[in-house]
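Thanks for making the time this morning. I would like to walk through one protein with you, moving from a single loop residue out to the overall fold and then into the interior.

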Amino acid sequence: MSNRPGAKKSSSQKVRAASNAGKGSSTKWIWAGIGAVVLVVGVFAIAVGRSSGSSGGGASPSGGTVVPNGNLEYGQIAVSGIGLNQIPDSGPDPALGTVFPTVTGQQFDGQQMTIAPNGKPHIVMVVAHWCSFCQNEVPRLQKWLNESGMPADVDLVTVATSNDPAKGNFPAGDWLRREKWSVPTIVDDKQSQAGNALGVSGFPYFIVADAQGKIVYRTSGAVTEDQWNALLDAARTGKSPV
């Protein structure tokens, strides 16, 4: 649509014209003009509301960028390296000391993104849109990030997996944009290939890796602020927090 004026008279011109007309027609034209103005304002308000609904891709108080706008519900995933088994119920975690697999996928706008060892410590967080613990954890961690800033020495990345339109809070992109989530996020495919390769055993799920990509620690479930800080320290030092 163009904002340029057309050949027709504007609503205000109609009102002025009506005021010069006879008494019988003036009231009709005045109300017609007011109605036209109200209609235009209403349409404009609806358009603005729609365009600014779940805004993504902008700057975040964390210093990062809110996950981008886009309707991608499932991404295209490629995995290289050895996939991880789930965390065992008891005993040592066999994944410790191994390098986490490289996952290449798409963000919610379709742009490619890769999670891979790159010479920096990593925390990989895996979430599901229908998981109540994730729904609590995401805004809590985002608040921490907004107050403390995105760490410059640790790469924080997210995988949104187990995507299912039959479950609540779908799609994941709308949910994360509502929370102003500023951690770069891959959207998994229908088969949850990324989540499976990362050995997801519960939600939310965290992989902590050192600068060489070697896994230092894995855990699932909600974390407190102190535990979150411990995960960051574990990534930096390469030492398990427990």
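Let me begin with a question: in which loop does serine 192 lie? Serine 192 sits in the loop between β6 (185-187) and α5, where helices (H or I, at least four residues) and strands (E, at least two) are DSSP runs, numbered from the N terminus. Before going further, I should say that this is a predicted model, in which local features need pLDDT of at least 70 and side-chain atom pairs count only at pLDDT 80 or more, while totals for chains, interfaces and linings use all residues. Residues are numbered from 1 along each chain as its sequence is written, and side-chain values use heavy atoms, with hydrogens and water left out.

Back to serine 192, whose phi is near 55°, a positive value in a residue other than glycine. Serine 192 also counts as buried, at 14% relative accessibility; buried means under 20% relative accessible area, exposed over 50%, and partly exposed in between, with a 1.4 Å probe and protein chains only. Serine 162, in the loop between β5 and α4, likewise is not a glycine and has a positive phi of about 55°.

Two peptide bonds also deserve a look. The bond from phenylalanine 170 to proline 171 is cis, with omega near 0°, and proline 171 is placed in the loop between β5 and α4. Another cis bond joins phenylalanine 203 and proline 204, with omega about -15°, and proline 204 is in the loop between α5 (193-197) and β7. As background, most residues other than glycine have a negative phi, and most peptide bonds are trans.

Now for the overall fold. The protein has six helices and eight strands, and along the sequence they follow the pattern α-α-β-β-β-β-α-β-α-β-α-β-β-α. Of its 242 residues, 40% count as buried. If we take the contacts (heavy atoms within 4.5 Å) with a separation of 6 or more, residues 24 or more positions apart account for 72% of them.

The element I want to spend time on is helix α3, residues 132-148. Its 17 residues reach 25 Å from the first C-alpha to the last, close to the 24 Å expected at 1.5 Å a residue, the expected span being 1.5 Å times one less than the number of residues. Its buried residues are Cys134, Glu137, Val138, Leu141, Gln142, Trp144 and Leu145. Seen down the axis of α3, these buried residues fall within an arc of 160°, so they line one face of the helix; the arc is that of the directions from the helix axis to the C-beta atoms. What covers them includes β4 (122-127), β5 (155-160), α4 (172-178), β7 (205-209) and α6 (225-237). After α3 comes glycine 149, whose phi is positive, near 90°.

Which residues does glutamine 142 touch, if we do not count those up to four places away in sequence? They are Ser60, Ser62, Glu179, Lys180, Trp181 and Ser182. Glutamine 142 is buried at 2% relative accessibility, and a polar atom of its side chain lies 2.9 Å from the backbone nitrogen of serine 182. Glutamine 142 and glutamate 179 are 37 residues apart in sequence, yet their C-alpha atoms are 7.7 Å apart in space.

One of those partners, serine 62, lies in the loop between α2 (23-51) and β1 and is buried at 4% relative accessibility. Its side chain makes a polar contact with the side chain of serine 60 at 3.0 Å; a polar contact is a pair of N or O atoms within 3.5 Å, where within protein one must be able to donate a hydrogen and the other to accept it, and residues adjacent in sequence count only if both atoms are side-chain atoms.

Finally, the nonpolar interior. A nonpolar core is a set of buried Ala, Val, Leu, Ile, Met, Phe, Trp, Tyr and Cys residues joined through side-chain atoms within 4.5 Å. Among the 52 residues in the largest such core, Ile123 and Trp228 touch the most other members. Leaving out residues up to four places away in sequence, tryptophan 228 touches Ile123, Leu141, Trp144, Leu156, Phe206 and Val223, and two of these, Leu141 and Trp144, belong to the buried residues of α3.
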